[in-house]
Amino acid sequence: MVSIVKPVTHTTAHNYCFMFINYLKIAWRNLLKNKFHTLINIGGLVIGFTIGLAILLAVYYQFSFDGFHQNKKNIYQAYQVFHKKSGDEIANNFGFPAAHAFKSEAEGIQRATRFMNGGSKVRYGSKELDMPVMLVDTDFFSMFTFPQVNGNSRPLSGPSDMVLSEDAATSLFGKEDPVGKSIQVLFGDQWKELTVASVAANTPTNSSIRFDALARVENRPDYTTDKNNWNSQHHQVYIQLKEGYKPAQVEQQLRMVNHRHVADSYDALEREGAFKDANGDVFATNLLPLAEVHFSPRISGKGTSRMELYTVLIVGLLIILIACFNFININLASAFARGREIGVRKCMGALKRKVFTQLWLESFLVCAFAFILSLVIVNG
């Protein structure tokens, strides 16, 4: 026997729509009828959802750090590991010549930039502001994605060039166009005149690298005397690898660079009883992916560990789960009170699936309203 499937006609679809609206009206009336029970359910869910969502959004924000850089997959922060007798020591500071030597002598490195503290104040006319000025190299804007909104498309190409963030430019110049204007920067105890070459977009809050103003490393007062000094270490170094090169390959190249330039450091550490690693070195320069900088406080000196974030994430999920369990328990407690209503409806001919749909719709309305209210609170 061949069964014939009847197509869903316009009348049938209209009936389904009418039935759903009818369920919705009944569910709404039942919720209003039991106001106290409804408020308890919504209140418990709102508290759980709000706390849980706030935690989840905070964790998501942490995991979004440095994800906006176009070259993020090839950018690394350099750091050093010293295998001392007392245990491994990690440092992320280097001397002035390190970045240049890494870039010119390690064939796997395409770009490199130093990143360090520089000036402490800026002055334009009669206005003087406390504003930290970070010092970098010309590769900085080629490596990192910090868009220029006004001015030179190749900022920091000259040693006297300076870049301001939008907020810094507004604070110093107001509505005046800052590009091409000369300002004075306090480096150490000396004022130096620099020219604003461009204005960059404000650094995102989820960036490990933050700045209000940038200038060239050569402006630092001790640069002239220490530019060839490897032992005076005071700044971070970021590098970008060439396509096709792996971090392990470049780390081996950096070992050779270190042997050429700081051989005395190896000798000093060996005399102190330092241990040798698998490559026979008592210290090495390693590379930390940019994506891991925010999650490696021991190396970068900032951020938080992934394990801590996963722990907080689990707590947030548990809070939401507990709110759901409370909602289920409250509904179970009220099930006896609604047993008579359900029995009467079944005696009147209501199908099991229709009763289920009605109860499910009531729960859905409570959960949906609580969730929307939680979103409003969290985003407020």
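In this predicted model, Leu156 sits in the loop that links strand E7 (148-151) to strand E8 (161-165). Its backbone stands out a little: Leu156 is not a glycine, yet its phi is positive, at about 65 degrees. Most residues other than glycine have a negative phi. Leu156 is also tucked away from the surface, since a relative accessibility of 1% makes it count as buried.

Asp66 tells a similar story. This residue belongs to the loop between H2 and E1, and here too a residue that is not a glycine has a positive phi of about 65 degrees. With a relative accessible area of 4%, Asp66 falls under the 20% cut-off, so it is buried.

Stepping back to the whole chain, the protein has 380 residues, of which 40% count as buried. Its secondary structure adds up to 13 helices and 13 strands. Contacts between residues 24 or more positions apart make up 74% of those with a separation of 6 or more.

Now for the inside of the protein. In soluble globular proteins, nonpolar side chains tend to be buried together. The largest nonpolar core here holds 25 residues, and the ones touching the most other members are Phe102, Ile109, Ile239 and Leu287. Several elements give two or more residues to this core: on the helix side these are H3 (96-105), H7 (247-261) and H8 (263-271), and on the strand side E1 (75-84), E3 (109-117), E12 (236-241) and E13 (283-289). The top contributor is H3, which gives four residues.

Ile109 gives a closer look at these surroundings. Setting aside neighbours within four places in sequence, Ile109 is in contact with Phe102 and Lys103, with the run Ile239, Gln240, Leu241 and Lys242, and with Val250 and Leu254.

How do H3 and H7 sit against each other? Two packed helices are described by the angle between their axes and the distance between the axes. For H3 and H7, the axes come within 10 Å and cross at roughly 125 degrees. The two helices are therefore oblique to each other, and H3 passes H7 in a right-handed crossing. On the H3 side the meeting residues are Ala101, Phe102 and Glu105, while H7 brings in Leu254, Val257, Asn258, Arg260 and His261. By type, the residues of this contact split into four nonpolar, two polar and two charged.

Two tyrosines bring together parts of the chain that lie well apart in sequence. Tyr61 is part of helix H2 (residues 35-63), and because its relative accessibility is 32%, Tyr61 counts as partly exposed. Beyond residues up to four places away in sequence, Tyr61 touches Thr205 and Asn206. Tyr61 and Thr205 are separated by 144 residues in sequence, while their C-alpha atoms are 9.4 Å apart in space.

The other one, Tyr223, is found in helix H6 (residues 223-226). Is Tyr223 buried or exposed? At 16% relative accessibility, Tyr223 counts as buried. Apart from residues up to four places away in sequence, Tyr223 touches Phe96, Arg114, Val217 and Glu218. Tyr223 and Pro97 are 126 residues apart along the chain, with 10.0 Å between their C-alpha atoms.

Notes:
Residues numbered from 1 in each chain as written. Predicted model: local features only at pLDDT ≥ 70, side-chain atom pairs only at ≥ 80, totals over all residues. Heavy atoms only, no water. Core = buried A, V, L, I, M, F, W, Y, C linked by side-chain atoms within 4.5 Å. Buried < 20%, exposed > 50% of the residue type's maximum accessible area, 1.4 Å probe, protein only. Contact = heavy atoms within 4.5 Å. Axes fitted to C-alpha atoms, helices over the stretch in contact; angles between N-to-C directions. Parallel < 35°, antiparallel > 145°, perpendicular 65-115°, else oblique. Left-handed = near helix turned anticlockwise from the far one by under 90°. Nonpolar A, V, L, I, M, F, W, Y, C, P; charged D, E, K, R; others polar.
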